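Let's take a walk through this one together. Have the sequence and the 3D view open while you read.

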Amino acid sequence: MKNVVERMTDLLPEEDGCAALVTSGSNRRYLTGFPSSAGMVLVTKNGAWFMTDFRYFEAAQLKAKNCHVVMYTRASETLQKLMKEQHVKSLLLEYSTLTLAQAGDLEKACEAVGVHAIKDESLDTILRTLRIIKTPEEIQKIRDSQAITDASFEYILSRIHPGVTEREIALDIEFFMRRNGAEGVAFDLIVVSGKNGSQCHGVPSEKTIENGDFVTMDIGALLGGYHSDMTRTVAVGSVTEKQRRVYQTVLDAQLAALAAAGPGVVCSKVDKAARDIIEKDYPGTFGHSTGHGVGVEIHEWPRFAVSDPTVLLPGMVVTVEPGIYLAGEFGVRIEDMIAITASGTENLTHSPKELIIL
Ligand code: ZN
Ligand code: ZN
């Protein structure tokens, strides 16, 4: 099978001397497998060159894949030299991630050596086309990352009780993930409880857990450059009839969306499967999309959203995460991560999701 740089080379425009410059951290890592805070990757029809500075040079020579490694002192001069050697005539830039200042500097560097800098969405489209379909190796990395997330959930259940704060729970999960091999957390972990639970992206606070609270934990690990993402809502002590009904509605919506997903299905239909169930009994309480792609970034394409016409294909990895948020009362969200396969879907999440009362 072709490596990711070879597949990217196939997608470059046919015209003579057209190359691409990959500058964002996530896309550099996607192409080379090497994490760094500085550098850029020149991709031509002949291969890829990862340019970086002294701090990363030695490690990059040992670990960066699919590319030649070049050290720079002045990035623009090294880029100019390489473009001359490779007879580059036009250079696609990463439109959606460069700052205006960076784009301006790159354009100047290109002009000085007669290269036409192309500031449009074509490189972003090429990278999105590649990244939206994960290879079996990438899916394995996401599976491994999710295994840590599943283990952290099992671990934390015994440590949630009245008196402990949301912040303590979040920290405890993060420590568990790192102790068990994660290179970090996939995002700032969300732990919200009781009335805070209606803030779907709330920040863990000093609020203590109380009997009767729902505790929503949106958690994920980062492993080998790949993210995982899962949400579970558990109850502490007891639940009211209303809490139980809301939980069941979210679970029904989540199961409906999971059942709707599969190869050949339009993303917006998966969203609709969940949304219709929630809108029927709790209109206006589910204000975000049903899911998003996950990979070298925590949020990527496609989206299970009303507006996404993407057709699901084998190799896509997407979350399914409906929720109900009742302001001033409580919230519930349940989130799994699925991989689309040739015949259906594989649920990469293995934590239980029937209502747990601790
Ligand atoms: Zn999440
Ligand atoms: Zn998510």
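Which side chains meet in a salt bridge at 3.2 Å, N to O? They are Arg-29 and Glu-183. Keep in mind that this is a predicted model.

**Two domains and their contact**

That pair makes a handy way into the overall layout. The protein splits into domain 1, residues 4-131, and domain 2, residues 136-347. Their centres, taken over C-alpha atoms, are 35 Å apart. Domain 1 puts 5 residues into the contact, and domain 2 puts in 9. Between them the two domains bury about 670 Å², with 43% of that on carbon and sulfur atoms. On the domain 1 side, Arg-29, Arg-128 and Arg-131 lose the most area to domain 2, and together they make up 66% of what that side buries. So Arg-29 turns up again here. As for charge pairing, the count between domain 1 and domain 2 is 3 salt bridges.

**The two zinc ions**

Now for the metals. Here are the two sites next to each other:

| Zinc ion | Protein donors | Donor distances | Angles | Spacing along the chain |
|---|---|---|---|---|
| ligand 1 | Asp-218 (OD), Asp-218 (OD), Asp-229 (OD), Glu-335 (OE) | 2.0 to 2.6 Å | 55 to 148° | D-x10-D-x105-E |
| ligand 2 | Asp-229 (OD), His-292 (NE2), Glu-321 (OE), Glu-335 (OE) | 2.0 to 2.2 Å | 78 to 152° | D-x62-H-x28-E-x13-E |

Why is the arrangement around the zinc ion (ligand 2) irregular? Its 4 donor atoms subtend angles of 78 to 152°, and a tetrahedral call would need all angles to lie between 85 and 135 degrees. The site of the zinc ion (ligand 1) is irregular too, with 55 to 148° among its 4 donor atoms.

What links the two ions? Asp-229 bridges the zinc ion (ligand 1) and the zinc ion (ligand 2), which lie 3.0 Å apart. Asp-229 sits in the loop between β11 (226-227) and β12 (230-235), while Glu-335 sits in the loop between β17 and β18, so this pair ties together parts that are 106 residues apart in sequence.

There is a second tie of this kind, seen from the other ion. Asp-229 bridges the zinc ion (ligand 2) to the zinc ion (ligand 1). His-292 belongs to strand β13 (residues 291-293) and Glu-335 to the loop between β17 (330-333) and β18 (336-340), so that pair joins parts 43 residues apart in sequence.

Are these donors buried or exposed? His-292 and Glu-335 are both buried. Glu-335 has a relative accessible area of 0%, and Asp-229, at 3%, is buried as well.

**Helix α4 and its surroundings**

Over to helix α4, residues 75-85. Its buried residues include Thr-78, Leu-79, Gln-80, Leu-82 and Met-83. Among the elements covering the buried residues of α4 are the strands β1 (18-22), β2 (40-44), β3 (47-52), β4 (68-71) and β5 (90-93), along with helix α5 (100-112). After α4 comes His-87, which has a positive phi, near 55°.

**A loop residue to finish**

Glu-210 lies in the loop between β8 (190-193) and β9 (214-219). With 45% relative accessibility, Glu-210 counts as partly exposed. How many residues separate Glu-210 and Val-236 in sequence? The answer is 26, and in space they are 7.1 Å apart, C-alpha to C-alpha.

Conventions:
Residues numbered from 1 in each chain as written. Chains lettered and ligands numbered in written order. Predicted model: local features only at pLDDT ≥ 70, side-chain atom pairs only at ≥ 80, totals over all residues. Heavy atoms only, no water. Donors = N, O, S within 2.8 Å, 3.2 Å for Na, K, Ca; no water. Tetrahedral: all angles 85-135°; square planar, octahedral: opposite > 155°, others 65-115°. Helix = DSSP H or I, 4+ residues; strand = E, 2+ residues; numbered from the N terminus. Buried < 20%, exposed > 50% of the residue type's maximum accessible area, 1.4 Å probe, protein only. Domains from an automatic or database assignment. Contact = heavy atoms within 4.5 Å. Buried area = accessible area lost by both parts, 1.4 Å probe. Salt bridge = Lys/Arg side-chain N within 4 Å of Asp/Glu carboxyl O.
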